Amino acid sequence: MALTIFIMQLALSILAFPMYLLNFLGLWRWTCQKWFPYFLEWFTVTYNKQMASKKQELFSNLREFEGPSGKLTLLEVGCGTGPNFKFYPPGCRVTCIDPNPNFKKFLIKSIAENRHVQFERFVVAPGENMHMVADGSVDVVVCTLVLCSVKNQEQFLREVYRVLRPGGALHFLEHVVAEPSTWTYFWQQVLKPTWYILFDGCDLMRESWKPLERAGFSKLKLQHLQAPLSIRPVVPHIYGYAVK
């Protein structure tokens, strides 16, 4: 099986040789950051339709985490094009962080389409270093399809924990590695090297529930899910929330 996977990975690498060459020359990252927002805008429309019920369930309790001010302060990390805005309760104050500055114009469009939320600012930064967000200043942190691509999950979760106020919560929805000995797991192994470069550092085979379990939250509600998606390698998901 290992030999079969290696041969198929090699075949994919040959087919994707121009991309690998650009990556070797240090040019792919710039190219990817330019085109990735356009791909994500298309993808998240389909993803939101297929995952609407799960997102509604995930975000249904956001109001429970309102702070003393009576207004929900929400930080979305890895916001992308802003596809989650439609699921947020009216009046919540939203700050967005993403390492890709090219998402800004897509966010402006999403803000215009979702006037029920109060948008505060867009910050260009990685989730592992959110020094511009004060300690204990946020009621809720949201990350969807983010833990697959952060460089250091543990450091990211430490930052999330730092910015959350006591009693605040992290809400997450993430694709993860499949069960071993399944066809999905086989294809994740085959696609992993090429997928990682093509989709801006997205790792198909992360066990993202493990760092969540180790992150020190007082309460963790986490469920595994086979998402109703047509792209098989990202069907295995986890979702839930963690309370500080």
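**Calls and cut-offs in a predicted model**

Me: What makes residues 6–28 helical rather than strand?
Reply: Over this stretch the chain is 83% helix and 0% strand, with the end C-alpha atoms 23 Å apart. Helices are DSSP runs of H or I with at least four residues, strands are E runs of at least two, and both are numbered from the N terminus. UniProt, in an unreviewed entry, places a "transmembrane region" at residues 6–28; such annotations may be inferred rather than shown by experiment. The model is predicted: local features need pLDDT of at least 70, side-chain atom pairs 80 or more, while totals for chains, interfaces and linings use all residues. Residues are numbered from 1 along each chain, and side-chain values use heavy atoms, without hydrogens and water.

Me: Why are β3 and β6 called edge strands?
Reply: The open, mixed sheet of seven strands runs β3-β2-β1-β4-β5-β7-β6. β3 (118–124) and β6 (219–226) each have a single partner strand, so one side of each lacks a neighbour in the sheet. The twist averages 15° from one strand to the next.

Me: How do you know that β6 and β7 pair?
Reply: Pairing takes at least two DSSP bridges between two strands. Eight bridges join β6 to β7 (residues 236–243), and the two run antiparallel. Gln226 has Pro236 in β7 as its bridge partner.

Me: Why is Thr95 called buried?
Reply: Buried means under 20% relative accessible area, exposed over 50%, partly exposed in between (1.4 Å probe, protein chains only). Thr95 has 9%, so it is buried. Thr95 lies in strand β2 (residues 93–98).

Me: What does Thr95 touch, leaving out residues up to four places away in sequence?
Reply: Contact means heavy atoms within 4.5 Å. Thr95 touches Leu74, Leu75, Glu76, Glu120 and Arg121.

Definitions and conventions. Axes are lines fitted to C-alpha atoms, for helices over the stretch in contact, and angles run from 0 to 180 degrees between N-to-C directions.
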